[in-house]
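Visitor: I should like to understand how this protein chain is put together. Would you guide me through the structure step by step?

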Amino acid sequence: MDRQGLQGCSEGAGAGTSGRIGSTELAEVLDDAAGRLLERHPEQSKEWFPHELVPWELGERCGAGQTPPPPVDPLPEGVRSALFVNLLTEDNLPHYFAALADAFRSCSALGEWSRRWAAEEQRHAIVLRDWICVTRHLDLVKLERARMRQLTSGFDPGVRAGGLLDGVVYLALQELATRVSHWNTGRLLDPVGAGVMKRISADENRHHLFYRELVSAALAVDPSSTVEAIDRQVTAFEMPGTTIEDFSRHARAIAAAGIYDLRLHHDQVLKPLVVTQWRLDDIAALDAVADRSRDHLFGRMERLRRVVERLDPPTTERSDPPAS
Ligand SMILES: [Fe+2]
Ligand SMILES: [Fe+2]
């Protein structure tokens with residue numbers, strides 16, 4: 001994230017134009033909403049233990065200093081690519097946490113949330129790595145070298161400009177996209193692997209709901225600034241794994257496997273959020289600049305829809321994750 005662009009709760013208010021509020025006031029609105037969401041989070045998140053999801057008996061083949069054989073039936077390339085990208089993306093948590101801790105440093109509820117969120121995210125890498133280690137679905141030496149390269153080289157989570165608002169919009173999009181990717185990976189695994197991905201996907205969904213509600217709170221007090229932030233973040237959106245070596249090749253394999261592609265991005269991320277949840281087309285109180293931004297956003301989504309229809313006709317094999 002752009003460290004200068006993300007303003008925290010105690011930083012200076014911007015001079016609002018008509019119908020807009022300053023950045024300090026907006027940060028307070030977001031922090032108040034985060035406080036309410038934090039109160040309900042423990043009731044909604046079920047405690048779970050990574051070690052209980054891992055079939056440890058498979059690890060008996062893997063003594064210290066030995067190189068156990070790969071599985072007899074290797075997973076298809078697209079599924080292996082998804083596991084590789086998904087795990088390395090989860091492994092990048094130190095970089096995400098550094099960005100969030102900085103962005104939310106002076107916001108009490110958002111700061112508390114960032115620590116809880118990081119603790120939950122860490123479980124994802126733990127359970128995925130343990131499961132992959134015992135199943136040997138990936139080359140563990142290549143995986144570890146890729147993790148070292150990725151963590152060492154640093155990472156820009158993709159929020160290019162804007163402030164705190166842009167950050168929460170990006171996170172709402174990214175958590176939903178990650179949820180879809182994990183869910184669809186699980187559909188192509190055995191029941192144990194599917195259980196691992198289902199559990200992670202459920203966490204990502206709760207994270208998504210948290211950020212989605214923050215954006216809704218911002219829309220209620222400053223629809224014009226929020227619509228502009230949504231337009232910016234939809235336009236610039238990148239999944240956090242794009243810095244992984246050979247990402248383009250993995251992304252093509254992942255798309256070919258039906259795990260994540262442009263259609264899913266449009267149908268299961270952008271449309272449900274922008275149209276169904278945030279209902280941008282129903283907002284009447286936009287100023288002229290924000291109105292143009294909304295037109296730009298809907299124009300972009302329509303072009304994406306047309307590209308998808310042309311390149312990728314709908315199939316009957318896809319399934320939606322459970323409703324948010
Ligand atoms: Fe995660
Ligand atoms: Fe998450």
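**A helical chain and its core**

Guide: Of the 324 residues in the protein chain, 43% are buried. Please bear in mind that this is a predicted model.

Visitor: How many helices and how many strands does the protein chain have?

Guide: Read along the sequence, the chain follows the pattern α-α-α-α-α-α-α-α-α-α-α. The count is therefore 11 helices and 0 strands.

Visitor: Among contacts between residues at least 6 apart in sequence, what percentage join residues at least 24 apart?

Guide: Two residues are in contact if their C-beta atoms lie within 7 Å. Among such contacts in the protein chain between residues at least 6 apart in sequence, the share that joins residues at least 24 apart is 84%.

Visitor: Which helix gives the largest share of the largest nonpolar core?

Guide: The largest nonpolar core has 76 residues, and those with the most contacts inside it include Leu30, Val168 and Leu214. The largest share of this core is 12 residues, and these come from helix α6 (residues 164–186). In soluble globular proteins, nonpolar side chains tend to be buried together. The helix asked for is α6.

Visitor: Which residues does leucine 30 touch, leaving aside those up to four places away in sequence?

Guide: Leucine 30 is among the residues with the most contacts inside the largest nonpolar core. Not counting residues up to four places away in sequence, leucine 30 touches Leu110, Leu164, Val168, Leu214, Ala217 and Ala218.

**Helices that pack together**

Visitor: How do the residues in the contact of α1 with α7 divide by class?

Guide: The helices α1 and α7 pack at an angle of about 145 degrees, with their axes 9 Å apart, and their crossing is right-handed. From α1, Leu26, Val29, Leu30, Ala33, Ala34, Leu37 and Gln44 meet Arg206, Phe210, Glu213, Leu214, Ala217, Ala218 and Val221 in α7. By class, this contact has 11 nonpolar, 1 polar and 2 charged residues.

Visitor: Are α6 and α7 roughly parallel or roughly antiparallel to each other?

Guide: The axes of α6 and helix α7 (residues 191–221) come within 8 Å and cross at roughly 160 degrees. In this crossing, which is left-handed, the contact has 14 nonpolar, 9 polar and 5 charged residues. Angles over 145 degrees count as roughly antiparallel. Therefore α6 and α7 are roughly antiparallel.

Visitor: What term describes how α2 and α5 lie to each other?

Guide: Helix α2 (residues 77–91) and helix α5 (residues 140–153) pack at an angle of about 40 degrees, with their axes 10 Å apart. Angles under 35 degrees would count as roughly parallel, and 65 to 115 as roughly perpendicular. The angle here falls in neither range, so α2 and α5 are oblique.

Visitor: Which residues of α5 are met by residues of α2?

Guide: Helix α2 passes α5 in a right-handed crossing. The α2 residues in the contact are Phe84, Leu88 and Asp91, and in α5 they meet Leu143, Ala146, Arg147, Gln150 and Leu151.

**Single residues**

Visitor: Is alanine 290 buried or exposed?

Guide: Alanine 290 has its place in helix α11 (residues 288–311) and touches Ser224, Val227 and Glu228, not counting residues up to four places away in sequence. Its C-alpha atom is separated by 6.3 Å from that of valine 227, although the two are 63 residues apart along the chain. With 25 other C-beta atoms within 10 Å, where 20 or more are required, alanine 290 is therefore buried.

Visitor: Is aspartate 73 buried or exposed?

Guide: Aspartate 73 is in the loop between α1 (23–44) and α2. Aspartate 73 and histidine 137 are 64 residues apart in sequence and 9.2 Å apart in space, C-alpha to C-alpha. A residue with 12 or fewer C-beta neighbours counts as exposed. Because aspartate 73 has 6 C-beta neighbours inside 10 Å, it is exposed.

Visitor: Where does arginine 279 lie?

Guide: Arginine 279 has a positive phi of about 50 degrees although it is not a glycine. With 11 C-beta neighbours inside 10 Å, arginine 279 counts as exposed. Its place is the loop between α10 (262–277) and α11.

Key
Residues numbered from 1 in each chain as written. Chains lettered and ligands numbered in written order. Predicted model: local features only at pLDDT ≥ 70, side-chain atom pairs only at ≥ 80, totals over all residues. Axes fitted to C-alpha atoms, helices over the stretch in contact; angles between N-to-C directions. Helix = DSSP H or I, 4+ residues; strand = E, 2+ residues; numbered from the N terminus. Left-handed = near helix turned anticlockwise from the far one by under 90°. Core = buried A, V, L, I, M, F, W, Y, C linked by C-beta atoms within 7 Å. Nonpolar A, V, L, I, M, F, W, Y, C, P; charged D, E, K, R; others polar.
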